[in-house]
Amino acid sequence: MPNRRALLLLPLAAAACGTPEPAYVPPGPMRFDHLTPLSLNVAAIEVAPGGPPAQAGDIGARLLPSPVEAVRTMGQDRLLAVGTTGEARFAVTQAAMIQGRDSLTCLVGCRLEILSAEGQRLGFVEAQSRRAVSGTDAGRPRAAEALLRNAMDDLNVEFEFQLRRALKDWLVKLAPGPDGTLPAPPPAGGVTVEELPKKPSRGTAGGSARPQSAQFGSNPVNGIRSAPALSRGRPGPPSPAAREG
C-alpha cells in the first residue's frame with residue numbers, strides 16, 4: 001500500500017508528464033505604431049506586396065500574422081514620408097519559420113531603397129534577424145508565435161540602426177507635439193538654409209548619395225533660405241586724380 005508521501009507526489013508527477021506550459025506571447029496584435037516614426041525626406045513610401053518563396057520546412061503560413069505580414073507591418077508602421085519629391089521602397093527579403101525535428105528557426109529581413117523622382121536609386125539599407133529554439137522549448141504551445149515576436153523585435157532595432165547609419169541624410173527630425181502627433185511638413189517651395197557638405201557614410205549594410213534637400217537652396221524642412229553674403233572689402237587708397245582734386 002503506497003504511503004502518504006507517495007500519494008501527495010502523484011499530482012506533481014502527472015503534471016510533469018502532461019502538456020508543457022505555453023511560450024509567452026505579449027497580448028495584442030504585433031504592431032510598431034507605438035514607436036516614433038522614422039520620417040524620410042521623400043514624397044511617398046511603397047511597401048512591396050508579398051515576400052520571398054517559401055523554404056523547405058517553412059510553417060510561417062500557419063501563423064497569424066505570418067512572417068511576411070509581420071515584416072510588412074513593421075515597414076508600414078515605422079516609415080513616414082514628409083518630403084516633396086522622390087520615393088522610398090520597402091521590401092521583404094527574408095520571412096520564414098523553419099520547423100526541424102526538434103527545433104524552430106525564424107528568419108526575417110528587409111530592404112529599403114531611396115529613389116529619385118526619375119527612378120534612380122540614391123541609397124539603400126538592409127537588415128536581417130535570426131532566432132532559434134530547440135528541444136522542449138521548440139515543442140511548447142505557441143513557441144513559433146513567441147519566436148516570431150522576438151525575431152521581429154530584433155529586426156526592428158537592427159533596421160533603425162542601419163537606417164540611421166547609412167541613410168542619415170534622408171532622415172528628417174520631427175518632434176511629436178504634446179498630443180503625440182507629428183507636425184505637418186512645410187509646403188513645397190519653402191526656403192532653406194545652406195548646409196556644409198558632409199562626407200557620405202560608408203558601410204556594408206547600405207549606402208546613399210546625399211539628398212537634394214541637403215544641398216544649397218533646396219531643403220524643404222527648415223523653411224528658411226540664406227542668400228549668399230555680399231562681399232565687403234576695405235576701400236582702397238584714393239587715385240592720383242582724386243588726390244590732385
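## Two buried cysteines

Cys106 is buried, its relative accessible area coming out at 0%. Cys110 also counts as buried, with 0% relative accessibility. Both values come from a predicted model, so read them as computed from that model.

What about disulfides? How many does the structure hold? Zero. A disulfide here would need a pair of cysteine sulfur atoms within 2.5 Å.

## Layout of the chain

The protein chain has four helices and seven strands. Going from the N terminus, you meet the elements in the order α-β-β-α-β-β-β-β-α-β-α.

As for contacts, take those in the protein chain with a separation of 6 or more: residues 24 or more positions apart account for 76% of them.

## The aromatic pair

The structure holds one aromatic pair. Phe90 and Phe159 form this pair, and it's edge-to-face, with 5.7 Å centre to centre and 80° between the planes. The angle earns that label because planes over 60 degrees apart count as edge-to-face.

Which parts of the chain does the pair tie together? Phe90 sits in strand 4 (residues 87-99) and Phe159 in helix 3 (residues 143-166), so the pair links parts that are 69 residues apart in sequence. Buried or exposed? Phe90 is buried, and Phe159 is too.

## Surface and burial overall

Zooming out, 33% of the 245 residues of the protein chain count as buried. The accessible surface of the protein chain comes to about 15,400 Å². Carbon and sulfur atoms make up 55% of that surface.

Note on methods. Residues numbered from 1 in each chain as written. Predicted model: local features only at pLDDT ≥ 70, side-chain atom pairs only at ≥ 80, totals over all residues. Heavy atoms only, no water. Phe/Tyr/Trp six-rings, centres within 6.5 Å; stacked < 30°, edge-to-face > 60°. Helix = DSSP H or I, 4+ residues; strand = E, 2+ residues; numbered from the N terminus. Buried < 20%, exposed > 50% of the residue type's maximum accessible area, 1.4 Å probe, protein only. Contact = heavy atoms within 4.5 Å. Areas by Shrake-Rupley, 256 points an atom, 1.4 Å probe, with all protein chains shown as cover.
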